Number of protein chains: 2
Amino acid sequence: MMRGHLDGLVLAVLATGPSHGYGLIEALRDRSGGVFDLPEGSVYPALHRLERAGLVASGWSEVGGRRRRVYSLTVSGRRAAEERRTEWRSFSAAVERVFGVGDRAEAGPAAGFADGAAV
Amino acid sequence: MMRGHLDGLVLAVLATGPSHGYGLIEALRDRSGGVFDLPEGSVYPALHRLERAGLVASGWSEVGGRRRRVYSLTVSGRRAAEERRTEWRSFSAAVERVFGVGDRAEAGPAAGFADGAAV
DNA sequence: CTCTAAGCCTAGCCTTTCTAGGTATGAGCC
DNA sequence: GGCTCATACCTAGAAAGGCTAGGCTTAGAG
């Protein structure tokens, strides 16, 4: 599950240049080192959502007899891409802090109820 | 929105010791530096979900005339906490790579259609 | 002719999260 | 006594996002 980060990632890819849906899937797979291998059923609706929100604009093109719908960031889309990246850094740092506390707790009390808890 | 990372974060907190729901909310707020301020309606269902899944176990305790439901990791919960952390690192690194590409693209082609795209 | 890759699409399901309500106790204040 | 606040639990239902699973077309290879 991409868990709500899909939009930000799509915007990030489009911030490096226009792309079509199928190419976007490949770009995400490549840039993520193979971690993100998204089904079309995730990406296409996301693009439509972003277009409805005015963050991307699309146009048709034809390459090698095949039609493509090419997406590009709008001005607010470019701004949104920046925002999403900032939000990600903040979110990521926060998660890291929470996980980080556990790094030192490996030698803590073993699983089970301490305290006044009774099972 | 916590976007699917809630379970991992809850498990991470419980990996440092047993806690009750209300205390968990405070722990997440504190450890995240105030970034995570979760409503009870998110945390309580999450705990119940984790208990149904066998990752945490609960017991009642009474402190200062108030009853508390104290949650603690089970053995598989402890394993799951580790897994979630590993998954997070991988996910986080992948997102970072995708966002990272854009770092250098700020001077790229301005927003708009390059290529053969027509609006 | 068949199969694969490139390309697009959507309906409906499932899961997670949040909103918005409810209940109860203890403590401090007037 | 009555008020409010912090502590502490709970759930129903809405909203949103992503995925499954289908469907469509053209080009090219075998």
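Here are a few notes on this predicted model, taken one point at a time.

1. Let's start with the layout of chain A. This chain has four helices and three strands. If you walk along the sequence, the elements come in the order α-β-α-α-β-β-α, so try ticking them off in the viewer as you go.

2. How much of chain A is buried? Of its 119 residues, buried ones make up 36%. As for contacts in chain A between residues at least 6 apart in sequence, 49% of them join residues at least 24 apart.

3. Now hop over to the strands of chain B. Strand β2(B), residues 56-63, runs antiparallel to β3(B), and eight bridges join the two. One pair to look for is E62(B), whose bridge partner in β3(B) is R67(B).

4. Have a look at the turn as well. β2(B) and β3(B) make a hairpin with two residues between them. G64(B) sits in that turn and has a positive phi of about 60°.

5. β3(B) has another partner too: β1(B), residues 19-20, pairs with it in the antiparallel sense over two bridges. Here S19(B) is the residue standing opposite Y71(B). While you're looking at strands, keep in mind that in a regular strand the side chains alternate between the two faces of the sheet.

6. On to the DNA, beginning with strand C. Which residues come nearest to it? Out of 30 residues around DNA strand C, the nearest are Y22(A), L6(B), G41(B), S42(B) and G65(B). Two or more residues of this surface come from each of α2, α3 and β3 of chain A, and from α3 of chain B. The largest share, six residues, is supplied by α3(B).

7. What kinds of residue make up the surface near DNA strand C? There are 11 nonpolar, 11 polar and eight charged residues.

8. DNA strand D has 29 residues around it, and L6(A), G41(A), S42(A), G65(A) and Y22(B) come nearest. In chain A, α3 (40-52) gives at least two residues to the surface near this strand. In chain B, α2 (21-31), α3 (40-52) and β3 (66-73) each do so as well. So β3(B), the hairpin strand from point 4, turns up again among the elements by the DNA.

9. Last, the make-up of the surface near DNA strand D: 11 residues are nonpolar, 11 are polar and seven are charged. Try colouring both DNA surfaces by residue type and see how they look on screen.

How values were computed: Residues are numbered from 1 along each chain as its sequence is written. Chains are lettered from A and ligands numbered from 1 in the order in which they are written. This is a predicted model: local features need pLDDT of at least 70, side-chain atom pairs count only at pLDDT 80 or more; totals for chains, interfaces and linings use all residues. A residue is near a molecule or strand if its C-beta atom, placed from the backbone, lies within 6 Å of it. Ala, Val, Leu, Ile, Met, Phe, Trp, Tyr, Cys and Pro count as nonpolar, Asp, Glu, Lys and Arg as charged, and the others, Gly among them, as polar. Two strands pair if DSSP finds at least two bridges between them. A residue is buried if 20 or more other C-beta atoms lie within 10 Å of its own, exposed if 12 or fewer, and partly exposed in between; C-beta atoms are placed from the backbone. Two residues are in contact if their C-beta atoms, placed from the backbone, lie within 7 Å.
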